[in-house]
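User: Please take a close look at the strand pairing in this model and at the charged side chains associated with it. I should then like the account extended to other salt bridges and to selected features of the helices.

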Amino acid sequence: MQGPGGDWLAKNASLICVLIFTPLLPICCDLPANVQSERRTQQASLAAGSYTVGEAASRQGLLPDRCWDLAFPPASHGLHCHFSKVGNYKRTVKRIDDGHRLCNDLMNCVHERAKIEKAYAQQLTDWSKRWRQLIEKGPQYGSLERAWGAMMTEADKVSELHQDVKNSLLNEDFEKVKNWQKDAYHKQIMGGFKEAREADDGFRKAQKPWAKKMKEVETAKKAYHLACKEEKLAMTREANSKAEQSITADQQKKLQDKVEKCKQDVQKTQEKYEKVLEELNKCTPQYMESMEQVFDQCQQFEEKRLIFLKEVLLDIKRHLNLAESSSYTNVYRELEQTIRVADAQEDLRWFRSTSGPGMPMNWPQFEEWNPDLSHTITRREKIKKNEGVTLTNATAVGESAAVAGDRGSVSSYDRSQPYTTEWSDDEGGNSFSASEANGGANPFEEEPAGKGMRVRALYDYDGQEQDELSFKAGDELTKLGEEDEQGWCKGRLDNGQLGLYPANYVESI
């Protein structure tokens, strides 16, 4: 120790030990002879080297031998839990039961993960279906619309892959563990497993002879220690009698005879103790060999379980790791290709040619009157005709916008809605309202799919206005209303487009 404080501790080490270990004296007990021998060996080894404060106190005689062992227990004190001790093989047997339970736990784990995969797949499918409909009805057009829709295709394909993961977990991994568990563990009628019972019987059979010898050793040891205690007591009484004047010579002789008899008992019990201990040591190698044979069998059984579960976990990993699946990789390769194909200039050109200045236009030309031509309804006549037909519903538009408000602007838009093209120089009477500029409503109320009458076109007809249908002779469509005064009918094409057409251009089917 260095410094003034260290010097003081070194000089007063003995006193410190007495103050610390004196309270332990009442609980000290006699220790077996072999433990005392080991303690003396430790003390002898300390004489040649350094030692701690407590060890120093013991060497100086200030710390009793029994308290030495409480403070510094010999290594042999930890042998009480060794595998070779009678009954300590139970943990090895219990491991077999634990293995069966762990198989159940793994199956439950796999089953829960399969439920998660199924739920995720269903969520992807629902999400894809909803947004595909919104995009198809929304204002987005051209190649970017296809790129956006490709995300829905990706969701559908990934949903299928996660559904496959669920099927693999349940049909392959779960069933694999279940079948292996059934083949490896065999339940008994009285409970427990055959494998655990065989292991327990094997350990009991191997341990029985040694356990019998061990019981004899314990009995001999107890007798020897009791004889030593009697000898010590007799010697103490005989020594104390010499200092007492009241003790007669006969009494002194009896005490001396008692000491001699106790010494003889100690000698006999010691010889018997050493003999049975020697016999135990002779059968110990055979005992350990038999125990290890049964233990090795348990190890082999457990090794099969460990290897099998490792293989199952690798299979589960392979099924869960979609990154290693070529199908999964192709999904995102196709998605990226579809998105990269999107061309802004191409979409702009398409819009120009279909809804802009690039649209084909039949400019007004001088036409000779021909009485053979069918009567052509003017736009103004159609407006008069439309006065008797409700084409818009302001209330329905507001309700639709309110319902779809939380789904974004796409959900409140219908690309099939027409825009009025009537021009007026009356600023106050502009029929193109703000609501129509923001999407408006379909001028035709949505009709149920099953309502209407099927008709067939007799002639080709090209719609002259946005609210008119175009069709070829022989095409079939659905008639949704009766012919009006001007000879027009409301109908729906098979692609879902709603509009007006000349009633005399079709016939009933």
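Analyst: Two strands are said to pair if DSSP finds at least two bridges between them. The model under discussion is a predicted one, and that criterion is the starting point for its strand β1.

Strand β1 covers residues 453–457 and pairs with strand β2, residues 476–479, in the antiparallel sense over 4 bridges. Within this pairing, Met453 of β1 stands opposite Lys479 in β2. Strand β1 is also joined to strand β5, residues 506–508, by 3 bridges, and these two strands likewise run antiparallel. Here Arg456 stands opposite Glu507 in β5. Strand β1 thus has pairings with both β2 and β5.

The facing residues Arg456 and Glu507 are also linked through their side chains. Glu507 forms a salt bridge with Arg456, in which the closest N and O atoms are 3.8 Å apart. Because Glu507 belongs to strand β5 and Arg456 to strand β1, the pair ties together parts that are 51 residues apart in sequence. Glu507 is partly exposed, its relative accessible area being 35%, and Arg456 is partly exposed as well, at 29% relative accessibility. The two residues also belong to one network, in which salt bridges that share partners join Arg454, Arg456, Glu476, Asp494 and Glu507. As background, side chains of opposite charge can pair when their charged atoms come close.

The structure holds 24 salt bridges, and two further examples involve residues elsewhere in the chain. The side chains of Asp315 and Arg318 meet in a salt bridge with an N to O distance of 3.6 Å. Both residues lie in helix α9 (residues 249–320), and because they are 3 residues apart there, about one helical turn separates them. In general, an α-helix has 3.6 residues a turn, so residues three or four places apart point the same way. Asp315 is buried, with a relative accessible area of 18%, because the limit for that class is under 20%. Its partner Arg318 is partly exposed, at 46%.

In the other example, Glu238 forms a salt bridge with Lys242, the closest N and O atoms being 3.6 Å apart. Glu238 counts as buried, at 13% relative accessibility, whereas Lys242 is exposed, with a relative accessible area of 59%.

Glu238 falls within the residue range of helix α8 (residues 194–241), a helix that also contains Lys212. Lys212 is exposed, with a relative accessible area of 59%. The C-alpha atoms of Lys212 and Leu280 are separated by 9.4 Å, although the two residues are 68 residues apart along the chain.

Two other helices complete this account. Helix α10, residues 326–341, has 16 residues and reaches 22 Å from its first C-alpha to its last, close to the 22 Å expected at 1.5 Å a residue. Its N-terminal end is capped by Ser325, a side-chain oxygen of which lies 3.4 Å from the backbone nitrogen of Ser327. Helix α6, residues 90–137, contains Trp127, which is partly exposed with a relative accessible area of 34%. Together with Trp148 and Met151, Trp127 makes a nonpolar surface patch of about 260 Å².

How values were computed:
Residues numbered from 1 in each chain as written. Predicted model: local features only at pLDDT ≥ 70, side-chain atom pairs only at ≥ 80, totals over all residues. Heavy atoms only, no water. Patch = residues over 30% accessible without salt bridge, like charges linked within 9 Å, V, L, I, M, F, W, Y side chains within 5 Å. Areas by Shrake-Rupley, 256 points an atom, 1.4 Å probe, with all protein chains shown as cover. Salt bridge = Lys/Arg side-chain N within 4 Å of Asp/Glu carboxyl O. Buried < 20%, exposed > 50% of the residue type's maximum accessible area, 1.4 Å probe, protein only. Expected span 1.5 Å × (residues − 1). Polar contact = N/O pair within 3.5 Å; in protein donor to acceptor, adjacent residues only side chain to side chain.
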